[in-house]
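Hi,

Here is the structure I promised to pass on. Have a look at it first, and my notes follow underneath.

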Amino acid sequence: MAVSGFEGFEKRLELHFFGDDPTEMDLNNLGRGLGLRRLDFDSLQQVLHAVQCTVVSAVGNLYFDSYVLSESSLFVYPDKIIIKTCGTTQLLKSVRPLIHHARHLGLSLSSVRYTRGNYIFPESQPFPHTSFKDEVVYLEDSLPNSLRFRKASVMPSKVPTHSWHVFTASTEIDLGDVFTIEICMTELDKVSAGKFFRRPSDGKNGDSAGKEMTEATAIGNINPSALICDYAFDPCGYSMNGIDGDRYSTIHVTPEDGYSYASFETVGSRHGGDDIARVLKKVAQIFRPATMSVSTTSAGRDVWGRVASALEPLGLKRRSCAADEFPSAGTVVYQTFTTRRK
């Protein structure tokens with residue numbers, strides 16, 4: 001293990017809003033239901049400046065806007081914002097300005113979900129990410145009192161380097177029909193990780209080098225119907241956002257030996273077990289990690305119950321499975337896997 005290096009494990013924040021005009025927040029009201037998408041780019045840049053990251057590439061469709069960041073990703077829907085950042089970014093410093101900008105659009109915060117894994121280099125994290133306790137206190141102080149249903153929990157595993165930190169807060173308990181799956185992978189196969197290093201003086205920009213990595217690794221085959229916005233960093237590292245209708249997916253890779261890391265995240269319908277099993281297999285085969293954790297939020301058993309059956313034939317043995325209930329987020333199931341080579 002390196003003494004210090006780039007922190008691959010992301011911090012993830014999801015904020016949901018509501019407004020007086022229901023047509024503003026309606027995904028099906030195409031062309032009119034803009035909601036949070038009315039936030040101008042300067043305002044988004046101000047928020048990202050507080051977090052300490054920038055936009056490197058962007059793409060959008062009728063449903064949402066997708067931004068690849070210098071440290072991970074941002075998604076803006078009419079009714080929600082998802083922002084995920086790695087390294088030593090200060091993600092929680094986005095909460096207050098996002099609430100402020102939304103208020104100017106006539107929108108109010110209805111729920112928050114914050115998740116992260118175990119930092120590889122916790123001593124390098126700046127405040128308020130110095131500990132989960134500090135993060136929770138900072139969130140509590142940043143949120144309006146109307147979000148009265150709150151819970152914070154650390155979900156353990158039998159793998160010492162992996163645990164799952166969750167904080168949720170909401171105005172009411174209302175579960176949607178969409179689940180989120182967050183995958184964290186460490187100790188990537190060296191050949192697989194090597195594909196995310198750029199050749200010296202390759203003459204390419206981040207976009208064209210990213211496209212080359214997407215093709216070389218078969219990442220584009222995870223969901224062939226998705227429009228991919230990809231970016232390769234110099235000398236190494238990779239980020240990708242995929243958009244498919246109103247669903248997103250995202251991948252981030254820190255390939256350096258000693259602290260290699262990759263993540264995959266997507267959303268799906270609660271009853272999409274077959275599709276998720278196929279996606280899990282493809283992700284595991286691309287990165288071939290020694291350790292892998294899979295967190296599902298608001299998924300039915302037909303989704304989270306298929307995780308092990310998808311991964312174990314690939315040589316990934318389930319080491320632990322923990323479940324907990326969160327207001328507005330529903331059931332979070334956290335599973336960890338290690339290879340026999342581990």
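The charges first: the protein has 37 positive and 40 negative ones, and their mean positions are 6 Å apart. Keep in mind throughout that this is a predicted model.

On the surface, I get an accessible area of about 14200 Å² for the protein, with 50% of that belonging to carbon and sulfur atoms. Going inside, 56% of the 342 residues are buried.

As for the overall build, there are eight helices and 16 strands in the protein. The C-alpha trace spans about 55 × 45 × 40 Å along its principal axes. A compact globule of 342 residues would have a radius of gyration near 20 Å, and the protein agrees with that, at 19 Å. If you look at contacts with a separation of 6 or more, 68% of them come from residues 24 or more positions apart.

Then the cysteines. How many disulfides does a search of the whole structure find? Zero. A disulfide needs two cysteine sulfur atoms within 2.5 Å. For C229, the closest cysteine sulfur is in C53, and at 15 Å that is too far for a bond. C321 is in a similar spot: its sulfur has the one in C184 as the closest cysteine sulfur, 16 Å away, so a bond is ruled out by distance. As for how covered these two residues are, C229 is buried, at 6% relative accessible area, while C321 counts as partly exposed, with 39% relative accessibility.

That's what I have so far. Shout if anything is unclear!

Cheers

Note on methods. Residues numbered from 1 in each chain as written. Predicted model: local features only at pLDDT ≥ 70, side-chain atom pairs only at ≥ 80, totals over all residues. Heavy atoms only, no water. Buried < 20%, exposed > 50% of the residue type's maximum accessible area, 1.4 Å probe, protein only. Helix = DSSP H or I, 4+ residues; strand = E, 2+ residues; numbered from the N terminus. Rg over C-alpha atoms; globule rule 2.2 N^0.38 Å. Contact = heavy atoms within 4.5 Å. Areas by Shrake-Rupley, 256 points an atom, 1.4 Å probe, with all protein chains shown as cover. Lys, Arg positive; Asp, Glu negative; His and termini not counted. Charge placed at Lys NZ, Arg CZ, Asp CG, Glu CD.
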